[in-house]
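Visitor: Can you walk me through this model? Please show it first.

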Amino acid sequence: MSTLSTRLLEIRTGVLSKNDQLAARLRERFQRAGVLALNFVSSPGSGKTALLERTLAELVRAGRHPAALVGDLATDHDARRLERSGALVRQIETRDMCHLEAEMIATHLEAAGWNLAELDYLFIENVGNLVCPSGYDLGEQVRVVLLSVTEGEDKPVKYPVLFNSADVAVITKLDLAGACGIDLALMRQNIEEVRPGITIFETSARTGAGMDAWLAWLMAKGVS
Amino acid sequence: MHELSIALNLVEIVEEAARRAGAGRVVAVHLRLGAMSGVVREALEFCFPLAAQNTLVEGARLEIETVPLVLACVPCGRDVRPVEGSFRCPLCGTPSMHIRQGRELEVIGIEVPDPEPAMEEH
């Protein structure tokens with residue numbers, strides 16, 4: 001038997017190109033409608049929902065119109081919790097998926113029937129995972145990575161890909177910093193090491209510490 | 001672990017290209033995988049044959065070229081491989097977010113059986 005003769009076909013296509021194209025279309029829609037879309041990524045239990053809960057309530061109080069899409073493997077607990085803020089909320093149950101994809105955002109926006117022109121903010125709470133969401137563009141204008149003080153200072157250098165993909169970092173559960181004996185300066189330094197030039201906030205959704213700076217940034221950023 | 005969904009995307013792209021070219025099957029897939037792609041090479045190699053089952057891609061070789069992280073260092077005016085675990089220039093220590101390469105997750109091409117038999121086989 002002779003060796004198989006083959007010919008090479010050039011493709012040069014990103015494996016996630018379909019997702020990227022859909023995400024680009026979503027981003028265009030958000031921009032046209034004057035909506036600031038933010039994708040919250042972090043490990044499970046870092047306080048994404050708690051930060052969102054407080055953020056949504058404060059934005060509603062300030063007369064802004066926020067909405068949130070909340071991703072979880074199962075249950076609509078987070079959506080129920082966030083609805084109390086008065087914001088529009090819809091749960092995305094991903095079943096076995098460890099990350100959100102642009103198609104899910106498009107589908108759920110459609111199903112929710114929200115008028116984007118009436119919204120100022122769209123918060124997308126990704127599935128808690130420090131690896132898988134990094135490569136999936138959801139059409140957001142801002143990617144926010146959360147890191148709680150209970151996770152230790154060196155998380156960013158252990159998961160550089162996700163941290164590097166973020167535009168903004170929020171250090172959460174600041175009220176527990178003392179109890180955890182965390183070195184906040186080192187934590188910030190580690191974030192900057194893997195994402196030079198990133199904007200960092202420090203917050204406690206429980207006590208409200210640091211929320212002013214975060215909200216002021218959101219308000220300024222959300223002016224279309 | 002999102003490598004299975006990556007592998008499924010990959011197989012879909014490859015199968016479509018093979019079909020367009022009129023190929024009956026795919027012999028090899030050439031992929032560029034950046035160090036900052038967020039994809040674990042071994043996990044992808046494990047998932048690829050599973051994703052390829054019952055498609056034109058079944059049995060194909062997956063050839064992966066790993067692409068290291070390269071940053072443009074502004075003060076040095078050149079492209080550099082950063083210090084391990086950082087985004088700093090190894091020469092001047094300046095951090096950089098100008099990523100030249102390292103985020104690739106790209107199908108370069110595929111090998112399909114040649115429809116023309118080789119000359120010596122006549």
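Guide: Here is a short tour of the contact between the chains, then of chain B.

Guide: This is a predicted model: local features need pLDDT of at least 70, side-chain atom pairs count only at pLDDT 80 or more, and totals for chains, interfaces and linings use all residues. Residues are numbered from 1 along each chain as its sequence is written, while chains are lettered from A and ligands numbered from 1 in the order in which they are written.

Visitor: How many residues does the contact take from each chain?

Guide: Chain A gives 28 residues and chain B gives 30 residues. Contact means C-beta atoms, placed from the backbone, within 7 Å.

Visitor: Which element supplies the largest share of chain A's side?

Guide: Strand E1(A), with 9 residues. Helices and strands are DSSP runs, numbered from the N terminus: H or I with at least four residues, E with at least two. E1 spans 6–14. Helix H6 (160–164) and helix H8 (184–194) of chain A also supply at least two residues each.

Visitor: What does E1(A) pair with?

Guide: Strand E6 of chain B, residues 105–113. They run antiparallel over 7 bridges. Pairing takes at least two DSSP bridges. Glu10(A), for one, bridges to Gly109(B).

Visitor: New topic. How many helices and strands are in chain B?

Guide: Chain B has 2 helices and 6 strands. The order from the N terminus is α-β-α-β-β-β-β-β.

Visitor: And what box do its C-alpha atoms fill?

Guide: Roughly 60 × 40 × 20 Å for chain B, along the principal axes.

Visitor: What about contacts within chain B?

Guide: Take those with a separation of 6 or more: 71% join residues 24 or more positions apart.

Note on methods
Contact = placed C-beta atoms within 7 Å.
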